[in-house]
Every structure is written in structure tokens, then in C-alpha cells.
Amino acid sequence: MARRTGADEAADAYERHLAEHDRDRRRAQGAFYTPPELVAWVLDHALPADGTAVTVLDPACGTGHFLVAAARRLGVRAVHGSDLDPEAIRIARERLHAEDPTVPAEEIERQVVVADGLTAWAGRTFAAVVGNPPFLGQLRRHSAGRSEEHRRGLGAYTDTSAVFLRRSLDLVGQGGVVALVQPLSVLAARDAGAVRAAVASRGAVTDFWCADGPVFAGTPVLTCVPVVRVGAAPSTDPDGWGALAAPAFGIPAVTLPPGTGTVGDLADCTADFRDQYYGLAPFVHDRLPGGVPLVTTGLIDPAESRWGRAPTRFARRRYDAPSVDLAALRAGGGLARWADARLVPKLLVAGQGRVIEAVADEHGAWLPSVPVVSVVPGVRADLWRLLAVLLAPPVVAHAAARYLGTGLTPGSVKVSARQVAALPLPADEHAWAEGARLARVAQAAASGDERAALLAATGRIMTDAYRADPASYDWWWGRVRRRPDESGDPGWSTPA
Ligand SMILES: C[S@@+](CC[C@H](N)C(=O)[O-])C[C@H]1O[C@@H](n2cnc3c(N)ncnc32)[C@H](O)[C@@H]1O
């Protein structure tokens, strides 16, 4: 255990103060401090192993956890930091001074400054940029207000932490390393796509840390650290970072044969939005005779709709069997065309679950409730073959890894309409046809046990259809078997 100074105690006291008495400020600044083991991991991977003297920057250094740990390895003169919080900077300086009292205070004051980390340090380069920048998402305006210019080219919703990552690429030279703590969503969030592309154009993610549970006291956000080496040969597909984290979540690696097309080649995949949600609300009744079943995500299981057999919620109300008064809806005008377009044979896909949950509406008799995705086959496409694709374990493992971190619960599989359309088709036509037949009988099964046996058979044959490793089947089946508990927790498995 490293020695502790009086200034370290002051840092702890200040963090306790923010946690206990100044929660709004802590949230607004994104001030959740980093545990020592994670600081050590980051420095182990960001600094040269041979002890070469190099310079390090933490652009959002807080009370200086990274700076103090780096100073213990490299000396106080090697470390640089910035933060918007003057009290945190005062403490960071004091801690560094306590580490090496021979370094004049003025020198430390030039290295560790009250400044916006997104604009400070222009023109400087460091061997490594490390740290745990604020995660602020849409709250960012409270903090990094002066930094708008650094968001240019990034989406308006790009998290501040990803903006720090983008900016840090400019602050290291060739061979330099950027290792910043990021929310797990950086792996797949659409709004971080430009940042992933910037990383891919400048270097590669050469090491990766992530945890399957929260490591920051006071926030449930899941985090990761992609270690980016500038100038390293690109190895990671900018849209495929999720695969880096998959092993930590027990998701088996799958390589799908290329070039066989995607779901979008065979079907239209669409999600509905608030217009449909609010527009529908006045026409929904419980157990309305002759009404059209409204199927919510919670009612969709693999090859099964539990509509009418399980209660559900819609527009803040509980229903036993939510039913749409179609005549009144048509008379009302607004959603008539929408309803006609949806009342066709289709698959309904729950946006998020332990696996991809999809059920066939063979007769076009159900309406989807937001955020259910509708998959409407084209003229020559077969509903059951599409269902078999969405039940295929390698497809689900592929989606789980690729879109990891975008769901509410990590480890749950979340797919948008666009992502459903991008799911790959199998290579083996013969096995696929058999999978489609089994999916159809699974959905028609008279009992839960019968359905389970048929689903398992569908999963096995579809694993063959993709010529994939049986590990994806074992993983998928383990998740299908576990039913969600009463609290609605999707029950995703914790990796060993
Ligand atoms: C999550 S804390 C991490 C602190 C430190 N890296 C650590 O792990 O101990 C984030 C810090 O970012 C600071 N911050 C927020 N916006 C900033 C900005 N635009 N520039 C510099 N620091 C900022 C907050 O004051 C807070 O101290």
C-alpha cells in the first residue's frame, strides 16, 4: 500500500464532502473519483514499462488521484493536470507538493491548473493522457460550457467523456497513449461513433479494461477504459468496439460468414415513436371485445406472445389485455393509415431483453406498442425464416457484443430497428429452412415445456445454419431458460 500524506487525507475529505453535502455540484461536475486499483491499471498500460521518463497529463484531474500515482512512478515534474474546480486543484497541488517538497510550489502551479481540459494545453504534447473525465451527457452545459468548439464534428449528444477522448488524441505524439475512463456506452453509442472513427484513423485500441458492475461509489454507470495507442496499426472496426468488452460479460465470440445478406434485404424494420404512443392512448381499453391486441415489449418472449395471459403497462396504466378500438381509431383519422400499415403479417421484436425476443403475428392481427420493432417481410420473404434468424444464437451473441453498453442493463441485448435490419442471414439454406419449420411449431406449442424443447431445437439448428461454435447456443439457451423475475429485471447473467 502506498504511503499517505496529510494532503491525501484532504482529498478524501473533499470527496466525502461532495458526496455527502454537495451532490448537485458533484453531479454537475461529473466528479466521481477513481478507485486506486483502476488508477494503477491505467498507469500500467499507459506508461512505458521500462521506467523511461515521460510526461503525463490528466485533463480533468480533480484532487489528483492519477497525478499522485503517476508522480510516484515518474516524479512530480512529469505530471500535468487541469480541472475547472479550484478547490480540487488546490488539493491536487498540495498532494504533489507533499510527494516531493523539493519541487517549488510555483512549478507545480504551472503544471496543475484551473482550466477547461477541453481547451487548455493547446500545442503541447505528452507521452500519455490519462484520467477519468466527467461523464455528463446532456448535462454537459453546466460544466464544459466553453468547450463547444471541441464538439464540432461530434454529435450534439456526444458525452463529454468522449469529447475528452477525441481532444486527447491531439495531445499525444506518435506512439503516445490515451487511456481515459469512459462510460461503457462509448463502445456502441451512435453519438460516440465519430470519436471511435477518430481513434481508428489515428491508431488503435491496444488494451481494454471493463467491469461488469459499477466501480464508482455513488453512480450505477458502467465504465471501461479503451487504451488507445496513437500510430498503432488499426485493428478495431470503429463499429465493433463492443467485441472488446464481450468476454467480460460472458458473451461468446462469434465470427459469422460474410456476404449472405441481412434481415433488411428481406423485410422492412420499423419502430414507432411518440406520435403513435400518445395518439393510440385514447383508443386503448382493457379486454375490449373485438379490440385489436396491443402488444407491449414486456409481453414478447421468444416465439411467444403472452398477451391476455400476463398483465402489462401502457401509458402509465396496468392492463390485463390492452385492446385497441380500431373503429374509433379509424374514425379519429390520425393513426388510421399507420394501423393499416401495421395490421399485416409481421414479427414483433422487443427492443431489449436477455436475448432477442421476437414473435410472429402470422395473421396481421396485432398492433405494436412503442418501442416494439415491427419486421414486415417483403413479398418473397417468409415470416418463419425471419423468426428463425432472430432466434439464432450466433445472431444474438453477435448483436449482444456489437451493441453492448447501449441498453439500460448491460448484458441485456438491445437492438433498434436499424440494427435488426443489419442482422446477418445464415449461410446454410437447408438448416435455415428446418429452423424456420421448428420456430413455427415452437410458437404453436400447446405447453411451455413443449415450446422450450422446440425452441432449444430451433436454437441448435440455427447455430448450425450459421456454422457457428456451439458455445453461442449454450450461452443463448442459458439466457432463454431464465425467466425475468417479478421486478422486471431482465435477469442477465453475471459472468464468472
Ligand atoms: C470524474 S472526476 C475525476 C477526477 C479524477 N480524474 C479522478 O479520477 O480522481 C471529473 C472531474 O472533471 C472535472 N471537470 C468537469 N468538467 C471539466 C472540464 N471541462 N475541464 C476540466 N475538468 C472538468 C470535475 O470538476 C471533476 O473533478
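# Exercises on side-chain packing and pairing

The largest nonpolar core has 93 residues, and Val375 and Trp476 are those with the most contacts inside it. The structure is a predicted model, and the exercises below work through its cores, charged pairs, rings and backbone.

## Exercise 1. The nonpolar cores

Determine which helix gives the most to the largest nonpolar core, and where this core lies relative to the two domains.

Solution.

Step 1. Helix H14, which covers residues 383–391, gives the most to this core, with 8 residues.

Step 2. Residues come from both domain 1 (6–245) and domain 2 (263–481), so the core lies between them.

Step 3. Leaving aside residues up to four places away in sequence, Val375 touches Val263, Ala267, Asp268, Cys269, Lys346, Leu347, Val349, Leu386 and Val420.

Step 4. A second, separate core of 33 residues includes Val39, Phe66, Leu96 and Val181. As background, nonpolar side chains in soluble globular proteins tend to be buried together.

## Exercise 2. Salt bridges

State how many salt bridges a search of the whole structure finds. Then examine the partners of Asp44, Glu304 and Glu362, with the exposure of each residue.

Solution.

Step 1. The search of the whole structure finds 24 salt bridges.

Step 2. Asp44 pairs with Arg73, and their closest N and O atoms are 2.8 Å apart. Arg73 belongs to helix H4 (residues 65–74) and Asp44 to helix H3 (residues 36–46), so the pair ties together parts that are 29 residues apart in sequence. Partly exposed covers the range between 20% and 50% relative accessible area. Arg73, at 41%, is therefore partly exposed, and Asp44, at 47%, is also partly exposed.

Step 3. Glu304 forms a salt bridge with Arg309, with 2.9 Å between the closest N and O atoms. Arg309 has a relative accessible area of 56% and is exposed. Glu304, with a relative accessible area of 10%, is buried.

Step 4. The side chains of Glu362 and Arg440 meet in a salt bridge with an N to O distance of 2.7 Å. This pair links distant parts of the chain, 78 residues apart: Glu362 is in the loop between strand S19 (357–361) and strand S20 (367–368), and Arg440 is in helix H17 (residues 429–444). Glu362 is partly exposed at 32%, and Arg440 is partly exposed at 40%.

Step 5. Salt bridges also join into a network, which links Asp8, Arg72, Arg95 and Glu99.

## Exercise 3. Aromatic pairs and charges over rings

Classify the ring pairs Tyr277–Tyr278 and Phe314–Tyr319 by geometry, and identify the charged residues over the rings of Tyr319 and Trp432.

Solution.

Step 1. The structure holds 6 aromatic pairs. In the pair Tyr277 and Tyr278, the ring centres are 5.2 Å apart and the planes stand at 90°, so the pair is edge-to-face. Tyr277 is partly exposed, with a relative accessible area of 23%, whereas Tyr278 is exposed at 52%.

Step 2. Phe314 and Tyr319 have a centre-to-centre distance of 6.5 Å and an angle of 55° between the planes, and the pair is tilted. Both Phe314 and Tyr319 are buried.

Step 3. Tyr277, Tyr278, Phe314 and Tyr319 form one aromatic cluster.

Step 4. Over the ring of Tyr319 sits the charged end of Arg317, 4.5 Å from the ring centre. Trp432 has Arg385 over its face, at 3.9 Å from the ring centre.

## Exercise 4. Backbone features in loops

Locate the cis peptide bond that involves Pro371, and describe phi and exposure for Ala315 and Arg316.

Solution.

Step 1. The cis peptide bond runs from Val370 to Pro371, with omega near 5°. Pro371 is placed in the loop between S20 and strand S21 (373–377).

Step 2. Ala315 has phi near 45°, a positive value in a residue other than glycine. Ala315 is found in the loop between strand S14 (312–314) and strand S15 (317–319).

Step 3. Arg316 is likewise in the loop between S14 and S15, and its phi, near 65°, is positive in a residue other than glycine.

Step 4. For exposure, Ala315 counts as partly exposed at 30% relative accessibility. Arg316 is exposed, with a relative accessible area of 77%.

Methods. Residues numbered from 1 in each chain as written. Predicted model: local features only at pLDDT ≥ 70, side-chain atom pairs only at ≥ 80, totals over all residues. Heavy atoms only, no water. Salt bridge = Lys/Arg side-chain N within 4 Å of Asp/Glu carboxyl O. Helix = DSSP H or I, 4+ residues; strand = E, 2+ residues; numbered from the N terminus. Buried < 20%, exposed > 50% of the residue type's maximum accessible area, 1.4 Å probe, protein only. Phe/Tyr/Trp six-rings, centres within 6.5 Å; stacked < 30°, edge-to-face > 60°. Lys NZ or Arg CZ within 6 Å of the ring centre and 35° of its normal. Core = buried A, V, L, I, M, F, W, Y, C linked by side-chain atoms within 4.5 Å. Domains from an automatic or database assignment. Contact = heavy atoms within 4.5 Å.
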